[in-house]
Amino acid sequence: MEREVARQVEIFRRGVVDLIEQSELEERLTESLVQKRPLRIKFGMDPTSPDLHVGHAVPLMKLRALQELGHQIVLIVGDATAMVGDPSGRNKLRPPLSRAEIEHNLQTYVDQVGRVLDVKKTEVRRNSEWFDKMEFQDVLKLASRMTVARMVERDTFQKRMSENEPIGIHEFLYPLMQGWDSVMIRCDLELGGTDQLFNLLRGRDLQREESQPGQICFTTRLLNGSDGRKMSKSYGNAIAFNESATEMYRKLTEVPDDVLHDWFVTLTTLDLTEVEEILRGDRRAASLRLAAEITTFFHGVDAVQAAREDYEKRRAGGIPDDVPEADWPEPGAELPLMVLLARVGLASSSSEGRRLVEGGGVKIDGVVVKDPKAALSQPARSLVLQVGKNRFARVRGSR
RNA sequence: GGGGAGAUUCCGGAGCGGCCAAACGGGCCAGACUGUAAAUCUGGUGGCUCAGCCUUCGGCGGUUCGAAUCCGCCUCUCCCCA
């Protein structure tokens, strides 16, 4: 029994930053084992963007491991909270999302989560289930559970106040709403990113006030993208779930060396001693291994093999196989290179096309061309345009 | 309710009425170097079939030969007082 508890605690703790409190976790695990009652572990996601990325995979991988231990994962889809917007880590007031946007994002969410978790074994709840039923007086009652002073101590609010950024009153409600979710589903533990600790603790407080045992809170590290900022699609530094195997593999090989350790620990299921061994070796090999591990998880072994070949090919300066194709934009007409780049989507405008060409970043069939106005006519077969190292387009010929 | 400050290109932040498509920094893109990593260095960063032209400085009007810069109103934000 004790050994089993210790084993599970070890799994709970892997890659975890905060754990409040470990002794409680041990007690509750023991209780769970004795009563043969799985722990209810809550994880909330607000459907604020349609795509999940590997940053989201960190807590999901953790949940997966806990699910395999037989615990009950409760996924809260925050369709009500999404309308408020979590202020954590935000330096700007966000425009609230509309119901329609939320519904749209929500559709794709559960599918994507299903790539990591066993959705059949997961309890999926929307928090509009209880928030839509609330009367205004219930809201007031909930709001009275928190003081302004405590809310305002938070880093994010401190920062925004000192930078004279606006803070909406409704934003103060967010942590309380998230905490109320915990009360409603009577959860034992809640998982979140490190920026969620404040919110998680509100759930613990609220549960206690409602005479429930306070949830145990634990957090996982937030992943940074290649630029050091928090990974986010809007920063363009994210690796999405729905990315092709070759793209995913390639992007993963570009992960900075100094985060390799964290990524191995949080995103792979490799044994920790093995991870140490890999990292003691060649850095380059380690980063390739990471790419292989994660890509395998999402796309399978065969896809990784193909991705690796593609990667090697690019590295050698060759043209990869899965180049997106495009038609000649204006059949019969000649087009300056800068315009063609924009038309086939390799540049966001012909002005940008011109800059890229002048900067020496554009190749036609592997040859650098530096004249943005070079007139091109539709090729007989096809030609391959390349911008930078990784962006390609094959323009189809006339037949 | 009263008083003050402010809104600039992705972000931060300069900007004598003409020399402003708008300094500088960050980010981003491209190039060099490399392990197609990091760091560093170089160039670029509104649009247009582009030596020229067109549209930008919260919104709408006005003054002027000429406005991001001056005036009026509006919208939004912050600060102080109550």
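Helices and strands are DSSP runs, numbered from the N terminus: a helix is H or I over at least four residues, a strand is E over at least two. By that numbering, lysine 36 lies in the loop between α2 and β2. The model is predicted. Chain A averages a pLDDT of 88, and 96% of its residues score at least 70. The chain is divided into domain 1 (2-223), domain 2 (245-315) and domain 3 (325-396).

**Confidence**

- Within chain A, helix α4 (residues 99-113) has the lowest confidence, with a mean of 83.
- Strand β3 (residues 72-77) has the highest, at 95.

**Domain 1 against domain 2**

- The centres of domain 1 and domain 2, taken over C-alpha atoms, are 29 Å apart.
- Domain 1 puts 11 residues into the contact, and domain 2 puts in 13 residues.
- About 1,200 Å² is buried between domain 1 and domain 2. Carbon and sulfur atoms give 69% of that area.
- On the domain 1 side, Arg14, Met61 and Arg115 stand out. They supply 48% of the area that domain 1 buries against domain 2, more than any other three residues.

**Aromatic pairs and a charge over a ring**

- The whole structure holds five aromatic pairs.
- One of them joins phenylalanine 12 and phenylalanine 218, with ring centres 5.9 Å apart. The planes meet at 45 degrees, and the pair is tilted.
- Phenylalanine 12 belongs to helix α1 (residues 2-13) and phenylalanine 218 to strand β6 (residues 216-220), so this pair ties together parts 206 residues apart in sequence.
- Both partners count as buried: phenylalanine 12 has 1% relative accessibility, and phenylalanine 218 has a relative accessible area of 1%.
- Phenylalanine 297 and phenylalanine 298 also pair, with ring centres 5.3 Å apart. Their planes stand at 85 degrees, so this pair is edge-to-face; the cut-off for that class is over 60.
- Phenylalanine 297 is partly exposed at 26% relative accessible area, whereas phenylalanine 298 is buried at 11%.
- Phe241 joins Phe297 and Phe298 in one aromatic cluster.
- A charge also meets a ring: the charged end of arginine 202 sits over phenylalanine 198, 4.6 Å from the ring centre.

**Helix α9, arginine 186 and glutamine 207**

- Helix α9 (residues 169-185) has 13 of its 17 residues buried, so the rest of the structure largely encloses this helix.
- Arginine 186 comes just after α9. This residue is found in the loop between α9 and β5 (189-193).
- Phi of arginine 186 is near 45 degrees, a positive value in a residue other than glycine.
- Arginine 186 is exposed, with a relative accessible area of 51%. The exposed class starts over 50%.
- Glutamine 207 lies in helix α10 (residues 197-209). Glutamine 207 is buried, with a relative accessible area of 0%.
- Arg186 is one of the residues that glutamine 207 touches, leaving out those up to four places away in sequence. The others are Ser182, Val183, Cys187, Gln212, Pro213, Gly214 and Gln215.

**Threonine 48**

- Threonine 48 sits in the loop between β2 (40-45) and α3 (54-68).
- At 32% relative accessibility, threonine 48 counts as partly exposed.
- Which residues does threonine 48 touch, not counting residues up to four places away in sequence? They are Ala82, Leu97, Asn105 and Tyr109.
- Isoleucine 102 is 54 residues from threonine 48 along the chain, yet 6.6 Å separates their C-alpha atoms.

**Backbone at both ends of α2**

- The peptide bond from isoleucine 20 to glutamate 21 is cis, with omega near -10 degrees.
- Glutamate 21 lies in the loop between β1 (16-20) and α2 (22-35).
- Lysine 36, in the loop between α2 and β2, has phi near 55 degrees. That is a positive value in a residue other than glycine.
- Is lysine 36 buried or exposed? Lysine 36 counts as exposed, at 72% relative accessibility.

Key: Residues are numbered from 1 along each chain as its sequence is written. Chains are lettered from A and ligands numbered from 1 in the order in which they are written. This is a predicted model: local features need pLDDT of at least 70, side-chain atom pairs count only at pLDDT 80 or more; totals for chains, interfaces and linings use all residues. Side-chain values use heavy atoms; hydrogens and water are left out. Rings of Phe, Tyr and Trp (its six-membered ring) pair if their centres lie within 6.5 Å; planes under 30 degrees apart count as stacked, over 60 as edge-to-face and the rest as tilted. Buried means under 20% relative accessible area, exposed over 50%, partly exposed in between (1.4 Å probe, protein chains only). A charge sits over a ring if NZ of Lys or CZ of Arg is within 6 Å of the ring centre and within 35 degrees of the ring normal. pLDDT is the predictor's confidence in each residue, from 0 to 100. Domain bounds come from an automatic or database domain assignment. Contact means heavy atoms within 4.5 Å. Buried area is the accessible area (1.4 Å probe) that two parts lose on being put together, summed over both.
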